[in-house]
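I opened a new notebook page for this one. Below is what I looked up, in the order I got to it.

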Amino acid sequence: MYIIKIIRNIFKLLSKEQRSKMLLLQIFFVFSAVVQVVGVASIAPFIGIISNPETIHSNTFLKLLHDFLGAESDQQFIIIFAVLSVSMIFFSNAVSALTLWLLLKFSISIGSELQYKLYSSFLNREYLFHKSTNYTQQISAISQEAPRFVYMVLQPYLLLCSNAFIAIIILLGLLFLSPLIALASAFIIGGAYTITYWLIKKSLVRHGKILTEKYEALQSILSESFIGIKDIKLNTLENKYSNVYKTTNFSGLNSSAFIVLAGDIPKFAIEAISFGAILVFAIILLLAKGNDGSVVAILSIYAIAGYKLLPTMQQIYKSAASMSANGGVAAELKEQLHEYVVKADELNVQPLQTIKKIELAAISYKYPTATETVLNGINVEFNKGQLNTIAGPSGSGKSTLADIMLGLLQPISGDINIDGERLTKNTLTNYQHSIGYVPQHIFILDDTVIGNVAFGVEIENIDIEKVKRALVQANAMEFVEKLPLKLNTNLGQDGKLLSGGQRQRIGIARALYRDNKVLILDEPTSALDIESEFELMSLLGKLKYDVLTVVISHRPAAIKLSDKICILESGQMLAQGSYSELMRSNRHFQELMEKGFMG
């Protein structure tokens, strides 16, 4: 059964401790169900003794209660009983409210932990996972699918359990009073909801899948439109994206509306049928017993039972409908967490004291899904005091080689030697804490200059003097001093108001703040004008004596200003040497430089 499968997936998403808490919650549901039913049921005897006070003395239980309370008259007993009944109703409602509060608190804590586990697991996956996975799916899982699981699957399941206990207790009570009436109630109400659910289950599942698809599509549209806003503006595609968003969103809302209506509409017909059955039963009793006081008492019992049973069965059906429509997310989240990655906190990791030389010895690499190797037997060394450049056309393997040098990708063969010592898993983290990386597109936080330079450092631990020193080293202090609030100026989301050169300088200052021993820059001049490019390369020419500097570039100006140039093509190291050496001895390099580009 599909509902059973969903429940299994719910439990698979819970930890052992969470399952234990859920078991305790279920026990409390049973207690709550008993209290709620007793509270409502206490009204029936009160109606009975008002309609026929003689039952106070003829009914064994009422007579014992009358004697225990020491009531001086029937009227006094009725007043005391009314107070007890009202008190019981207040208590049962308080327990009902507490039940709902515990249910919501538990489900929200599960949701919070689930979102944390998803986010943490995604972050801790290997770099290759992020390099080959669409991040919008990860964002959708965390921000949309996890809350949807909590509110549309887990909470309905808990409500289903809570109300199921109430329904069972009511039906058991009716069974004790009249087996025929109890079976008829279960058949009419339970059967009506079961048939309704059976008829629309497939539609619920289908619309639930549509919702999942539309959520992912909307996430993708939003990401694309805001990231590519410049191209959208230039090509006047605003209306096209707006219309696509509108169509996609409307389709999702239609499915959402169907799921909501499917959960609510049946109650109107079933309530009419149920109360119709109670009226028929009342007529039968009147015809059989006449206008007897006991008829009122019996009818009040069944009317009150119906009053409590109908919304209870409605909630059970509505919960089952919501679980069926949205249950697919439980399986998806379970799949997302099947490789749950927990990374131990690496406290007090010490960077390497010095790095004067990085040697790549016979490095080869092949991506898991590729058929051919990207790098083949690369042998090269980079020394401090030189401005080292890795050059080559697009697809030559430059970025892959940089990722290997950063320790983000593990070569299938070959070694990385740091000052003559082989880099191992035990020393990898220390090595990575010694590297400053400046990507082609600098990631700018929606934070101050200080927060951007000291990226990842708690505000109370930021060393302002180190920030200033890093900015001076990166030739960034001049433009920072001209900002409205200087160091405390907020650079805005992704630093949209900064020029390309200013972004690069912030990125370099960020790398220098941590006193890194190695500085690797990926196409740092690709978005710069000639003057900014020259200034940046001149800056790197000065920094090369402080940090081991490696630049990935295909720009002729950057290549000309380098001390050592390594030419990659099709994963092979074609040549390496100074600019003058390569111009004298390598015809291929000469042709590339004559064309004015390395791509």
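**Notes on a central strand, its sheet and a cavity**

I started with β3, which pairs with strand β9 (residues 564–569) in the parallel sense, over 4 bridges. I should jot down right away that I am working from a predicted model.

**Entry: the pairing of β3**

I followed one bridge into β9 and found that Ala391 has Ile567 as its partner there. Then I turned to strand β8 (residues 548–552), which runs parallel to β3 and is joined to it by 4 bridges. For Thr389, I noted Val551 as the bridge partner in β8.

**Entry: how covered is β3?**

Is strand β3 (residues 387–391) enclosed or open to the outside? I got 5 buried residues out of 5, so the strand is largely enclosed by the rest of the structure. The cut-off I leaned on for buried is under 20% relative accessible area. I also checked the two faces: Leu387, Thr389 and Ala391 are buried on one side, and Asn388 and Ile390 are buried on the other.

**Entry: the whole sheet**

Next I wanted the sheet around this strand. I wrote down an open sheet of 6 strands with mixed pairing, in the order β6-β7-β8-β3-β9-β10. At its edges I found β6 (435–438) and β10 (572–577); each has a single partner strand, so one side of each is left without a neighbour in the sheet. I also noted the turn between neighbouring strands of this sheet, which is 15° on average, direction ignored.

**Entry: the β7 side**

I looked at strand β7 (residues 518–522) and saw that it runs parallel to β8, with 5 bridges joining the two. One of my spot checks was Val518, whose bridge partner in β8 is Leu548. Over on this side I also met helix α20 (residues 500–513), which lies across β6 and β7 and runs at about 170° to β6.

**Entry: the β10 side**

In which sense do β9 and β10 pair? I have them down as antiparallel, over 5 bridges. Ile565 is bridged to Gly577 in β10. I noticed that β9 and β10 make a hairpin with 2 residues between them, and that Ser570 in the turn has a positive phi of about 55°.

**Entry: a loop residue**

I picked Gln353 next and placed it in the loop between α14 (328–336) and β1 (357–365). Gln353 has a relative accessible area of 66%, and the cut-off for exposed is over 50%, so I count Gln353 as exposed. I also checked its distance to Lys517: from C-alpha to C-alpha, Gln353 and Lys517 are 8.0 Å apart in space, with 164 residues of separation in sequence.

**Entry: cavities**

How many cavities of 30 Å³ or more are there? I got 1. The largest cavity holds about 50 Å³ of space. Around the largest cavity I listed Leu13, Leu14, Gln18, Ile110, Glu113, Leu114 and Lys117 as the lining. By type, I sorted that lining into 4 nonpolar residues, 1 polar and 2 charged. Helix α6 (residues 74–124) gives the largest share of it, 4 residues.

**Entry: the chain overall**

Last, I stepped back to the chain. I counted 24 helices and 10 strands. Of its 599 residues, I have 44% down as buried. I also looked at contacts between residues at least 6 apart in sequence, and 76% of them join residues at least 24 apart.

Definitions and conventions: Residues numbered from 1 in each chain as written. Predicted model: local features only at pLDDT ≥ 70, side-chain atom pairs only at ≥ 80, totals over all residues. Heavy atoms only, no water. Buried < 20%, exposed > 50% of the residue type's maximum accessible area, 1.4 Å probe, protein only. Pairing = 2+ DSSP bridges. 1 Å grid on protein atoms, 1.4 Å probe; cavity = no way out; pocket = protein on both sides within 12 Å on 5 of 7 lines; lining within 4 Å. Points joined across faces, edges and corners; volume = space filled by probe spheres on them. Nonpolar A, V, L, I, M, F, W, Y, C, P; charged D, E, K, R; others polar. Axes fitted to C-alpha atoms, helices over the stretch in contact; angles between N-to-C directions. Contact = heavy atoms within 4.5 Å.
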